[in-house]
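Grab a coffee and open your favourite viewer. Here is a set of exercises to work through with the coordinates on screen.

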Amino acid sequence: VQVWGLQVTLVNLTGAIAAMTLAGPKSREILSSLTNADLSEVSLPDGNMIEAEIAGVNAKVMRVSFVADLAFEIHVPYKAGLHVWKQIMAAGQAHGIRPFGTDAQRLLRLEMGHHLISHDTDGLTNPFEAHSEALLKMDKPFFIGQRSLKIIAKKKLNKKLVNFVLEKGYAREMPNECNLVIDNGNIKGRVTSIAYSRYLDRVIGFAFVAPEQGSVGSTFSIRTDSGAMVEATVVEAPFFHLLDKDGE
């Protein structure tokens, strides 16, 4: 608006809207009991949005998959937020519904293989390093940053964000976020996210590594706070495929 001198007015509506996420295998069933809208996969596929009445309140409903394969993000006027929350909790009581907060969200999105912008990436990270090429529509006539991305795409990668696991049953010193990836004494990257998943019974995480260490099955070493070296293995996302391979 400032650079191009557009004759428009921007209004920040963040404080006027209450948002909540209903996630899990029963989320569609629970939300459907509070609306006449069609929430089926055909009518509301992942990544799409509809306007509907939820518990008697006009809402924007989005299908999302950040913390679960099936989830809905619900946006309503802030004054109706508590009412809608209570109605959802009541409708889900028979299904064992429970609220979850930021810590659970961060673990769930990690299990899904979704990285957090500004946590797993920073202002120097480009989409090709963060395996986000699928989000770029380079065939568009124009978008801000397109020219720079075309130039970057022709260059050799310096690092690559990968999904990794530690050995099954790992019980030694836990690596921390920002611990360095070391190869022959040289810094090759860093851990951006790491956690123990009780559901998977594995330590999982994301890390930047050298491009040649980025293929599935490759191993790399993480230096812990004490200086110990821990071997990690690159795996596919989401991490749930580990259950099948472990025969669980």
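The exercises below go from the whole chain down to single residues, and the model behind them is a predicted one.

**Exercise 1. Get the overall numbers.**
Work out what secondary structure the protein has, what its C-alpha trace spans, and what share of its residues is buried.

*Solution.*
- Step 1: Count the elements. You should end up with five helices and ten strands.
- Step 2: Take the principal axes of the C-alpha trace, which spans about 60 × 55 × 30 Å along them.
- Step 3: Check burial, with under 20% relative accessible area as the cut-off. Of the 248 residues, 37% are buried.
- Step 4: Add the surface. The accessible area is about 15100 Å², and carbon and sulfur atoms hold 53% of that.
- Step 5: Look at sequence range. Take the contacts between residues at least 6 apart in sequence: 57% of them join residues at least 24 apart.
- Step 6: Finish with charge. There are 26 positive and 27 negative charges, and their mean positions sit 6 Å apart.

**Exercise 2. Trace the open sheet.**
Find the strand order of the four-stranded open sheet, and say which strands stand at its edges.

*Solution.*
- Step 1: Follow the pairings. The order reads β1-β4-β3-β2, and the pairing is antiparallel.
- Step 2: Go to the ends of that order. β1 (17-23) and β2 (49-54) each have a single partner strand, so one side of each lacks a neighbour in the sheet.
- Step 3: Get the twist. Ignoring direction, neighbouring strands here are turned by 30° against each other on average.
- Step 4: Pin down the register at one edge. β1 and β4 (residues 71-77) are antiparallel and joined by seven bridges, and Ala 19 has His 75 as its bridge partner in β4.
- Step 5: Do likewise at the other edge. β2 and β3 pair in the antiparallel sense over six bridges, with Glu 53 opposite Asn 58 in β3.
- Step 6: Inspect the turn linking β2 and β3. This hairpin has two residues between the strands, and Ala 55 there has a positive phi of about 55°.

**Exercise 3. Which face of β2 is covered?**
Sort the residues of β2 into a covered face and an uncovered one, then find the helix lying across the sheet's strands.

*Solution.*
- Step 1: Split the strand. Ile 50, Ala 52 and Ile 54 make up the covered face of β2, while Met 49, Glu 51 and Glu 53 make up the uncovered one.
- Step 2: Locate the helix. α2 (residues 81-91) lies across β1, β2, β3 (57-64) and β4.
- Step 3: Take its direction. α2 runs at about 15° to β1.

**Exercise 4. Walk round the barrel.**
Find the order in which six strands close into a barrel, then collect the registers and turns.

*Solution.*
- Step 1: Go round the ring: β5-β8-β7-β6-β9-β10, with antiparallel pairing. Neighbouring strands are turned by 45° against each other on average, direction ignored.
- Step 2: Start with β5 (residues 160-166) and β8 (residues 202-209), which pair over six bridges. Lys 160 has Val 209 as its partner in β8.
- Step 3: Move on to β7 and β8, joined by seven bridges. Ile 194 is bridged to Gly 205 in β8.
- Step 4: Then take β6 (residues 180-183), with four bridges to β7. Val 181 faces Gly 189 in β7.
- Step 5: Compare the hairpins. The one of β6 and β7 has two residues between the strands, with Asn 184 at a positive phi near 55°. The one of β7 and β8 has four, with Asp 201 at a positive phi near 55°.

**Exercise 5. Place α3 and Tyr 199.**
Find out what covers the buried residues of α3, then decide whether Tyr 199 is buried or exposed.

*Solution.*
- Step 1: Lay α3 (residues 102-112) on the strands. The helix lies across β7 (186-197) and β8, at about 115° to β7.
- Step 2: List buried positions in α3: Arg 109, Leu 110, Glu 111 and Met 112. Their cover includes β7 and β8.
- Step 3: Step off the helix end. Gly 113 follows α3 and has a positive phi, near 85°.
- Step 4: Go to the loop between β7 and β8, where Tyr 199 lies. Its relative accessible area is 55%, so Tyr 199 counts as exposed.
- Step 5: List what Tyr 199 touches, leaving out residues up to four places away in sequence: Glu 111, Phe 240 and Leu 243.
- Step 6: Check one C-alpha distance. Tyr 199 and Phe 240 are 41 residues apart along the chain, and their C-alpha atoms are 9.3 Å apart.

Key. Residues numbered from 1 in each chain as written. Predicted model: local features only at pLDDT ≥ 70, side-chain atom pairs only at ≥ 80, totals over all residues. Heavy atoms only, no water. Pairing = 2+ DSSP bridges. Axes fitted to C-alpha atoms, helices over the stretch in contact; angles between N-to-C directions. Contact = heavy atoms within 4.5 Å. Buried < 20%, exposed > 50% of the residue type's maximum accessible area, 1.4 Å probe, protein only. Areas by Shrake-Rupley, 256 points an atom, 1.4 Å probe, with all protein chains shown as cover. Lys, Arg positive; Asp, Glu negative; His and termini not counted. Charge placed at Lys NZ, Arg CZ, Asp CG, Glu CD.
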